[in-house]
Amino acid sequence: MSEHGMFRAITAPQPGGPEALVLERREVCEPGPEDVRIRVAAAGVNKPDTFQRMGVYPPPKGASDVLGLEVSGTVDAVGPDVTRWKTGDEVCALLPGGGYAEIAIAHQGSVLPKPAGVSLRDAAGLPETVFTVWANVFEAGALRPGETFLIHGGAGGIGTTAIQMAAAHGARVIATAGSDEKCALCRELGAEIAVNYREADFVDAVAAAGGADVVLDMVGGDYADRNLKCLNTGGRLVQIAFLKGSRVEIDMMPIMLKRLTVTGSTLRARPLAEKARLAAAVEKTVWPWIEAGKIRVVADAVFPLEEAAKAHALIDSSGHAGKILLVP
Ligand SMILES: NC(=O)c1ccc[n+]([C@@H]2O[C@H](COP(=O)([O-])OP(=O)(O)OC[C@H]3O[C@@H](n4cnc5c(N)ncnc54)[C@H](OP(=O)(O)O)[C@@H]3O)[C@@H](O)[C@H]2O)c1
């Protein structure tokens, strides 16, 4: 901490580009009854943070205005009703906000132990994407071993996590990405096929591979209709974002003829009890995959906290492959 009782944190008081990020000093508070205070080792940078910075994705009611949806670090203090965690524990946590800081507060049910074999720093890159992929691909999409899974944005934070989790589960993975280098990373992480969407039509590639059973999409726009074309009978399309827009034109006939399910969700606004349920499921199934070396954090770039604007410029440009981390 920079001064006694104070810590440094990043906010975006005025909407704008990366330069809108501001380094502030905040007072250290006592954790609430069920909260865990974490001395932050690293914070993950996620695309939704850039939408918050632009003023189009405000924090939910009661959440910190400090940016950041995930951290790793060491427990510094716990509230009186916290049962599992104690000072000194090495953890990572999903947050509704407040991660880009030296000190973060998490609800006890959103905290997980640092998995063995992952550095404390890299553990910051796990919660947001692992929870999102679990909730959308494994729960809503009900991906089964042996099925074929199509993931767009395969080289991004969500994408690199989704490829590895689906492969660990025994699914066949097809990924799309915007360059040959990114496609090579997708294959290295477990994708059987990686399509450079700038050079080839993923619909043809998926059809040649026998179709997809589950699609995780964050692109929307013209991908919506094309995703429906990719799905096999009984297939599931799960939307987690709309980088190319959410007002789309689709032919709904395939939904009827192939008995498709179209669904989607957000993570941040879910109730604490729901996040605790997801945390328990993730710890039971995904943590052993991580500890067995089947899933790693692809930490592409690490910036000091005060250079959060550089981290945002990088994620804005999609120049990264994997996760970007901030270190206080
Ligand atoms: N609903 C939820 O619960 C939830 C939770 C977390 C994140 N999200 C959303 O999921 C998305 C991904 O998040 P992230 O943190 O993984 O971001 P990220 O690391 O920036 O990954 C996004 C990827 O998509 C690709 N992409 C960007 N624009 C594209 C386009 N127009 N067409 C095709 N591909 C495009 C990018 O690289 P290339 O184009 O070079 O391949 C990039 O690799 C974001 O939109 C985020 O808001 C949703």
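This passage looks at the ligand site of a predicted model and then at the salt bridges.

The ligand first. It sits in the largest pocket, with 29 residues around it. Of these, Ile 158, Lys 182, Tyr 197, Ser 265 and His 320 come nearest. Sorted by character, the shell around the ligand splits into 14 nonpolar residues, ten polar ones and five charged ones.

As for where that shell comes from, three helices each supply at least two residues: H1 (47-53), H2 (127-140) and H3 (157-168). H1 gives the largest share, at three residues.

Backbone atoms turn up in several polar contacts with the ligand. An oxygen atom of the ligand lies 2.7 Å from a backbone N or O atom of Ile 158, a residue that is also among those coming nearest to the ligand. With Gly 178, a polar backbone atom is 2.8 Å from an oxygen atom of the ligand. Ser 265 pairs up with a nitrogen atom instead: its polar backbone atom and that nitrogen of the ligand are 2.8 Å apart. On its own the ligand would expose 900 Å², and the protein buries 91% of that.

Now for the salt bridges, which come to 24 by count. One of them joins the side chains of Glu 139 and Arg 277, at 2.9 Å from N to O. Glu 139 belongs to helix H2 and Arg 277 to helix H8 (residues 272-291), so this pair ties together parts that lie 138 residues apart in sequence. Helix H2 thus appears twice in this account: it carries Glu 139 of the salt bridge, and it supplies at least two residues of the shell around the ligand.

Key: Residues numbered from 1 in each chain as written. Predicted model: local features only at pLDDT ≥ 70, side-chain atom pairs only at ≥ 80, totals over all residues. Heavy atoms only, no water. Near = heavy atom within 4 Å. Polar contact = N/O pair within 3.5 Å; in protein donor to acceptor, adjacent residues only side chain to side chain. Areas by Shrake-Rupley, 256 points an atom, 1.4 Å probe, with all protein chains shown as cover. 1 Å grid on protein atoms, 1.4 Å probe; cavity = no way out; pocket = protein on both sides within 12 Å on 5 of 7 lines; lining within 4 Å. Sits in = over half its atoms within 2 Å of the grid points. Helix = DSSP H or I, 4+ residues; strand = E, 2+ residues; numbered from the N terminus. Nonpolar A, V, L, I, M, F, W, Y, C, P; charged D, E, K, R; others polar. Salt bridge = Lys/Arg side-chain N within 4 Å of Asp/Glu carboxyl O.
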